[in-house]
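Here is a friendly walk through some labels and the reasoning behind them. Have a look at the structure, and then we will take the terms one at a time.

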Amino acid sequence: MKRLQQTLSRIDGRGYKAYKEIQGAYRFPRFTLWIDYVQGDPFAAPSRIRVRMSQDEAGYPEEWFCVPHRKIALEDWVTRVWARKVGRYSFRTKGTGKSGLIDVDRPGQEILPRTAAVVTRDYVEVRVTVGLPAQGRRVLGRKAEEMLCGFLPRLVDEAIPVEAIDRKGVEERMRLVDNQQSIRSHLKEKGWIAFVADGAVLPRESGVSDLPLTGKEVVRFRAPESMRATVEVPHGPPIQGMVLRDGITLIVGGGYHGKSTLLNALERGVYDHIGGDGREYVITDVDAVKVRAEDGRRVEKVNISPFINNLPFGRDTLQFSTEDASGSTSQAANIVESLEMAASCLLIDEDTSATNFMIRDGRMQKLVAKEKEPITPFIDKVRQLYEERGTSSILVLGGSGDYFDVADTVILMDEYHPFDVTRQAKEVAEAQSNNRDQEGGKVFGDVTSRVPLAAGLDPKKGKREKVDAKGLHTIQFGTAHLNLAGVEQLVDPSQTRAIAEILRLLGKRADGSKTLRELIEEICQEMKKNGLDFLSPFRGQHPGDLALPRKHEVAAAVNRLRTLRVK
Ligand code: ADP
Ligand code: MG
């Protein structure tokens, strides 16, 4: 630490580049500080540092990180503590650019494996970004010293050692994630798709906030008796709630009665949520995938023939490519691509679907002959999909009762309360024929695996590599601008950053011999086994701002790349 102080006072007042001298490792009384990367100027991406305290000093009980889901939850906890502290103390100096900034990655409502903090048997490490203070382009050495040798050690003292940690809070978090984990394995064992606990709060504060809605008007979830199950959990009394089994489930009901809200909660249930979120015990199979219409997207040689045939001008639908998909073709491509990645369940909302993809009723069948309609609507494929491939569907559909015939379960949302109306729906279907003919053949059709080529995954723009994630929905990859706004289960900008790096890795590994699924699953295995650090483009530096995406969102990114080429 003395050495750092000396260097900082020596370079005080010099040009900003002099900061490069402080790169390296420094021993502080209670921890080690690594200055991994020093920014080039006060406006550039901030510098990256790490603080590491040994477990002798930190003293975390081993049961806090002995199993993977607890370790993830603990690292998430430590990250949140830091995010709160740097927010509160925010050490700002009067300086240029990012002078005095101290930040860590900021988790949202989900608990995701991320790189911001690492807890092992040996140490606790937090990865931080800092803006090294400057006046104009001159080093503010004294300010930097105050920041790194005064403020930072205090922060470490207040945020890392076990005596500073809210023990009760951590232990409660551990019980929560144990329970979530246990419900997840329960789902797997029973082959259920999702579980929504009684008392869950599904609605969000607003369209732009992921925080729970609060106030008197909130209707807590309560399972219909016929769909209720009780799940034993390791901590506390058994949890009761609604079970969604495999097969085809419809969510019906009047407009504004909470259908989409329920589906959105199920979409997010592929991730675990923090206590107080309201969706702690909304648990969905990890391979459930939301699909929607997404006109304008690119499609690269996808076999959409299960849904679409005989396009005008004889366009190929076995290897369908387009720079500008329509609503229905994009939805067909989204479904087939999800099946290619082995989705267990499709989540579909009428609000974001192409009507002509979802239904074609009896009258329309009489007016427009099948030969003149390229689209086989989803209603004619949804059962085949389940019976032949085991892929379930959960559909929000307030507008078409034709689906009663193909549904296993029908849930009615009425003033935000769910009711099991399966029997009534079947009776309606018996009493009143939909007068339509089954279309599209007796089998679902083939899902064709594709083999991506390295040429389409080139991160170069001109002579240099350009890979950059901007916010949740945009990635620049080489010459391509990737728009992920239609990928609704992407929840954290740190996942987007990770995906950008995975694309780079895929470019290195796509040698024309492996399918997209093989390539992505291989990387997901590695991330699971070794953490996400290896994705970092910064050799020998920490990537403090990555979070784990699912394989489905990685595939979604690849599939939307305008440069993608497959064999
Ligand atoms: P639908 O899809 O049936 O048209 P939405 O799910 O979009 O309806 O819900 C309509 C509105 O009701 C939204 O503003 C939502 O936040 C609110 N809402 C949904 N569920 C609940 C609930 N359980 N309690 C209170 N408000 C809710
Ligand atoms: Mg809706």
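Q: Where is Arg268 placed?
A: In this predicted model, Arg268 belongs to helix H6, which covers residues 259-268.

Q: Why is Arg268 called buried?
A: Its relative accessibility is 18%, and the label buried applies under 20%, so Arg268 counts as buried.

Q: What makes the link between the side chains of Arg268 and Glu110 a polar contact?
A: The distance is 3.0 Å, set against a limit of within 3.5 Å for a pair of N or O atoms. The side chains of Arg268 and Asp210 are also joined by a polar contact, here at 3.4 Å. Leaving aside neighbours within four places in sequence, the residues in contact with Arg268 include His273, Arg279, Glu488 and Val491.

Q: How do you know that Ser260 and Asp351 coordinate the magnesium ion (ligand 2)?
A: Ser260 (OG) and Asp351 (OD) sit at 2.1 to 2.2 Å, and donors have to be within 2.8 Å of the metal. Ser260 is in helix H6, while Asp351 is in the loop between strand S21 (345-349) and helix H8 (355-358), so this pair ties together parts 91 residues apart in sequence.

Q: Is Asp351 buried or exposed, and what makes it so?
A: The relative accessible area of Asp351 is 56%. Exposed means over 50%, so Asp351 is exposed.

Q: How many aromatic pairs does the structure hold, and why is the pair of Phe28 and Phe31 called stacked?
A: There are seven aromatic pairs. The ring centres of Phe28 and Phe31 are 4.8 Å apart, with planes at 25°. Centres within 6.5 Å make a pair and planes under 30 degrees apart count as stacked, so stacked is the right word for Phe28 and Phe31. Both residues are buried.

Q: Why is the pair of Phe307 and Phe357 called tilted?
A: The centres of these two rings are 5.1 Å apart and the planes meet at 55°. That angle is neither under 30 degrees nor over 60, so the pair of Phe307 and Phe357 is tilted. Phe307 lies in the loop between strand S19 (299-302) and strand S20 (320-322), and Phe357 in helix H8, so parts 50 residues apart in sequence are tied together. Both Phe307 and Phe357 are buried, and ring pairs link them with Phe378 and Phe444 into a cluster.

Q: What makes Arg52 count as lying over the face of Tyr123?
A: Arg52 is 3.7 Å from the ring centre of Tyr123, and the distance limit is within 6 Å. Likewise, Arg50 lies over the face of Trp34, at 4.5 Å from the ring centre.

Terms used
Residues numbered from 1 in each chain as written. Chains lettered and ligands numbered in written order. Predicted model: local features only at pLDDT ≥ 70, side-chain atom pairs only at ≥ 80, totals over all residues. Heavy atoms only, no water. Helix = DSSP H or I, 4+ residues; strand = E, 2+ residues; numbered from the N terminus. Buried < 20%, exposed > 50% of the residue type's maximum accessible area, 1.4 Å probe, protein only. Polar contact = N/O pair within 3.5 Å; in protein donor to acceptor, adjacent residues only side chain to side chain. Contact = heavy atoms within 4.5 Å. Donors = N, O, S within 2.8 Å, 3.2 Å for Na, K, Ca; no water. Phe/Tyr/Trp six-rings, centres within 6.5 Å; stacked < 30°, edge-to-face > 60°. Lys NZ or Arg CZ within 6 Å of the ring centre and 35° of its normal.
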